[in-house]
Amino acid sequence: MNRIIKKVAILGSGVMGSRIACHFANIGIEVLLLDIVPRELTELETKKNLSLEDKAVRNRIVNNALQSTLKANPSPIYRKSYASRITTGNMDDDLAKIKDCDWVMEAVVERPDIKQQVYEKVEQYRTPGTLITTNTSGIPINSLLGGRSDDFKKHFCGTHFFNPPRYLRLLEIIPSKETDPAVIDFLMEFGDLYLGKTTVLTKDTPAFIANRIGVFGIMSLFHTVKEMGLTIEEVDKLTGPVIGRPKSATFRTCDVVGLDTLVNVANGLSYALKDDEAKELFKTPDYVSAMMENKWLGSKTGQGFYKKVKKDDGSSEILSLDLNTLEYRNKKRASFTTLEQTKPIDDLKKRFGVLVKGKDKAGEFYRKSFGGLFAYVSNRVPEIADEPYKIDDAMRAGFGWQLGPFETWDAIGVEKGIQLAEEAGHTIAPWVKDMVKSGKTSFYQAEEDTPTYYNPDEKSHQKIPGRDSFIILDTIRPTTTVWENSDSVIEDLGDGILNFEFRSKMNSLGGGVIAGLNKAIDLAEKDYRGLVIGNQAANFSVGANLGMIFMMAVEQDYDELNFAVQAFQNAMMRVRYSSIPVIVAPHGMTLGGGCEMTLHADGVVAAAESYIGLVEFGVGLIPGGGGTKEFTALAGERYIKDDVELNSFRENFLNIGMAKVSTSAHEAYDLGILKEGRDKVSINIDRQIADAKAMAIDMANRGYTQPTPKKVKVLGKQVLGMYYIGAHSMYSGKYITEHEKKMSEKLGYVMSGGDLSEPTMVSEQYLLNLEREAFLSLCGERKTLERIEHMLKTGKPLRN
């Protein structure tokens with residue numbers, strides 16, 4: 001059956017239902033979002049003389065839920081206009097409309113009896129053969145089948161999204177004993193290709209995979225923190241980015257999710273798990289029980305493990321909970337010698353060896369916690385998953401871990417991990433010891449540039465299913481590197497396409513990266529058909545190497561700084577005018593120079609979660625690598641095409657002056673950074689490099705022709721006056737500082753093409769020269785240096 005999803009019904013508009021609806025709208029699917037009818041009027045509805053029969057009242061719950069969701073920050077939707085793809089209604093008046101839907105997803109409250117009442121009604125209207133799934137986070141799927149028709153059972157399963165669905169990539173697919181295998185195959189593929197998810201086929205066991213392991217980890221820490229006498233600040237320091245976990249770490253995550261939510265899942269597991277060797281860990285510690293009684297549930301109640309309070313001077317302060325006294329106190333700085341030793345180590349995998357060898361309390365904590373984790377996950381195979389990689393996939397995509405448990409174990413060493421577990425009093429599953437005895441020393445390895453995992457049933461390494469369509473740079477790099485320096489690598493992707501990868505700190509763009517980029521273009525023009533510029537770090541690039549700029553400016557080495565800026569400009573022009581197609585693949589933060597590189601590409605394949613913009617104003621500068629030129633050119637093109645006079649120039653001036661950054665790749669089209677009809681968005685970031693390679697091949701196959709230099713329309717004094725008057729007005733109104741006024745005037749001068757007397761077509765090099773001159777002059781300003789220094793120290797912009 002060739003199943004096509006055009007319309008989806010979501011039943012239940014709560015936190016998950018409304019956000020899932022938004023994500024389906026993100027990918028272009030029409031959504032019918034339904035919820036229950038209110039039983040009584042609000043005070044406002046009564047004042048308006050409305051009745052329970054009025055449509056505004058009957059749809060109040062669903063409409064309020066959706067509007068609240070659309071106001072959320074971060075946004076659940078790629079573009080505000082996409083919300084129009086969602087139609088709301090209620091389950092009394094509009095349930096019959098599900099007959100036109102290809103997929104009905106139930107997302108009501110987590111009570112089996114209520115879910116089954118909904119299914120009874122769904123059976124009356126659902127078209128046979130269409131999908132019907134539940135977004136339960138833990139209710140056994142098979143327990144929901146009672147009384148259902150054979151067709152319902154055949155097309156029914158669990159589809160567990162993680163909150164927020166746009167940003168957390170895990171989608172657990174949980175079949176029942178009656179689910180048609182073809183339905184499972186379809187959902188696994190659809191989740192990957194169209195929803196951008198890491199789809200994990202999960203067994204119908206308590207809490208499935210991710211929540212089973214994740215809640216175990218948190219509950220284990222709840223007990224460990226008391227045993228070791230650690231503070232919540234110390235635990236959050238130890239369990240955050242240093243081990244590849246989110247900044248919210250453990251206790252801040254609990255506050256965000258809600259302590260009650262976590263405890264409810266833990267209580268459910270404690271009840272449901274009869275033979276789990278770690279069952280006692282799921283029982284709530286006394287201090288957590290006290291917090292539950294006090295309603296200290298986290299952000300939703302205003303206090304949890306942390307509490308935000310107002311000081312006498314009106315400023316805010318974050319207090320921390322003392323787990324011994326259950327009183328809030330000033331936050332304490334957490335510091336460990338072991339963590340200091342890992343600061344020079346950028347490679348996460350190499351960091352773990354140092355952490356478990358630590359001789360302080362941090363080292364003891366890691367040995368204890370990793371030992372417990374390794375034992376627990378080893379014993380969950382095959383209970384919750386037959387293959388170890390599924391557990392790793394689930395934890396990376398659902399909990400934001402950079403490395404899953406078995407990947408972490410590999411980084412520490414399998415035998416070392418066994419030792420840690422046994423020293424902590426845990427028992428490792430026999431299949432792991434059998435693997436080691438057979439001479440296999442890791443759960444993962446690369447074979448012919450293909451990632452493989454150890455399969456306990458086959459007692460050998462097997463290809464990870466579904467990865468053939470991914471290009472994983474970490475996997476192929478050892479055998480495909482054709483050139484490298486300390487800041488970059490060039491890999492051969494096959495089929496005549498090279499990939500240029502940044503490897504500098506934070507993927508900042510300095511001399512080493514520019515040298516590598518020029519080398520990549522040289523090689524591609526000589527012996528290849530195209531070039532992709534892409535990497536798989538957390539962010540594409542945070543922009544130029546500010547530290548280098550700061551040092552040159554402080555030392556007043558302006559000749560060297562001029563050379564560096566010109567070299568960057570020249571490299572961007574090579575990206576634009578090389579003889580082979582150059583495809584840029586931005587993702588995550590793509591700021592400053594990363595945005596400028598994107599603007600000069602022949603084509604762009606952007607990850608959906610790409611946050612792209614020219615942010616140089618934040619450090620007292622204007623874009624100096626061709627970004628100002630490109631936004632000027634874009635304004636000129638719009639001016640010629642639409643005759644909107646000065647509006648397009650004003651809009652692009654403000655985009656730079658306000659350091660606007662797109663909140664998604666789709667929004668980058670609105671800013672003019674991506675081009676409709678040419679550029680593409682990869683909804684699944686795992687496929688991005690492969691998609692970019694495919695675009696490069698397609699351009700080459702269609703007979704790529706080296707572009708000819710273009711002319712840019714500038715308006716000279718016609719628009720320069722507008723910029724100067726605007727800057728003066730903002731300064732007079734005290735909306736901007738004197739330095740920001742100077743920055744605005746410099747930017748306006750460049751975007752006007754100088755003080756030309758009339759609109760003129762100028763060369764790109766003319767604008768680049770103006771841009772570079774303005775950039776260098778601002779580098780000599782004390783206020784600019786203060787901003788750069790502040791950014792380097794704090795990571796935040798300074799206004800002066």
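This report looks at salt bridges, one helix and an enclosed cavity in the structure above.

The model is a predicted one, so please read each value below as computed from predicted coordinates.

**Helix α23**

Let's start with helix α23, which covers residues 558–577. Its 20 residues, at 1.5 Å a residue, should span 28 Å, and the end C-alpha atoms are indeed 28 Å apart, so expectation and model agree. Several of its side chains belong to buried residues: L561, V565, F568, Q569, A571, M572, M573, V575, R576 and Y577. One of these, R576, returns below as a salt-bridge partner.

**Salt bridges**

How many salt bridges does the structure hold? The count is 55. Three of them are set out here, with the N to O distance for each pair.

| Pair | N to O distance |
|---|---|
| E110 and K115 | 3.1 Å |
| R576 and E764 | 3.2 Å |
| E740 and R787 | 2.9 Å |

In the salt bridge between R576 and E764, the partners come from distant parts of the chain: R576 sits in helix α23 and E764 in helix α31 (residues 764–779), 188 residues apart. R576 has a relative accessibility of 10%, so it counts as buried, the cut-off being under 20%. E764 also counts as buried, because its relative accessibility is 3%.

E740 and R787 form another such link. This pair joins helix α30 (residues 738–752), home of E740, to helix α32 (residues 782–794), home of R787, across 47 residues. With relative accessible area at 11%, E740 is buried; R787 is buried as well, at 2%.

Is E110 buried or partly exposed? At 35% relative accessibility, E110 counts as partly exposed. Its partner K115 is buried, with a relative accessible area of 0%.

Some charged residues join up further: R576, K629, E630, E637, K710 and E764 are linked in a network of salt bridges.

**The cavity**

Rolling a probe the size of a water molecule over the atoms shows where empty space is left. Here, one cavity of 30 Å³ or more is found, and the largest cavity has a volume of about 60 Å³.

Which residues line the largest cavity? They are L599, E630, A633, L634, E637, G672, K675 and K710. Helix α25 (residues 627–642) gives the largest share of this lining, with four residues. By character, the lining divides into three nonpolar, one polar and four charged residues. E630, E637 and K710 appear in the lining and also in the salt-bridge network, which includes R576 of helix α23.

Notes. Residues numbered from 1 in each chain as written. Predicted model: local features only at pLDDT ≥ 70, side-chain atom pairs only at ≥ 80, totals over all residues. Heavy atoms only, no water. Helix = DSSP H or I, 4+ residues; strand = E, 2+ residues; numbered from the N terminus. Expected span 1.5 Å × (residues − 1). Buried < 20%, exposed > 50% of the residue type's maximum accessible area, 1.4 Å probe, protein only. Salt bridge = Lys/Arg side-chain N within 4 Å of Asp/Glu carboxyl O. 1 Å grid on protein atoms, 1.4 Å probe; cavity = no way out; pocket = protein on both sides within 12 Å on 5 of 7 lines; lining within 4 Å. Points joined across faces, edges and corners; volume = space filled by probe spheres on them. Nonpolar A, V, L, I, M, F, W, Y, C, P; charged D, E, K, R; others polar.
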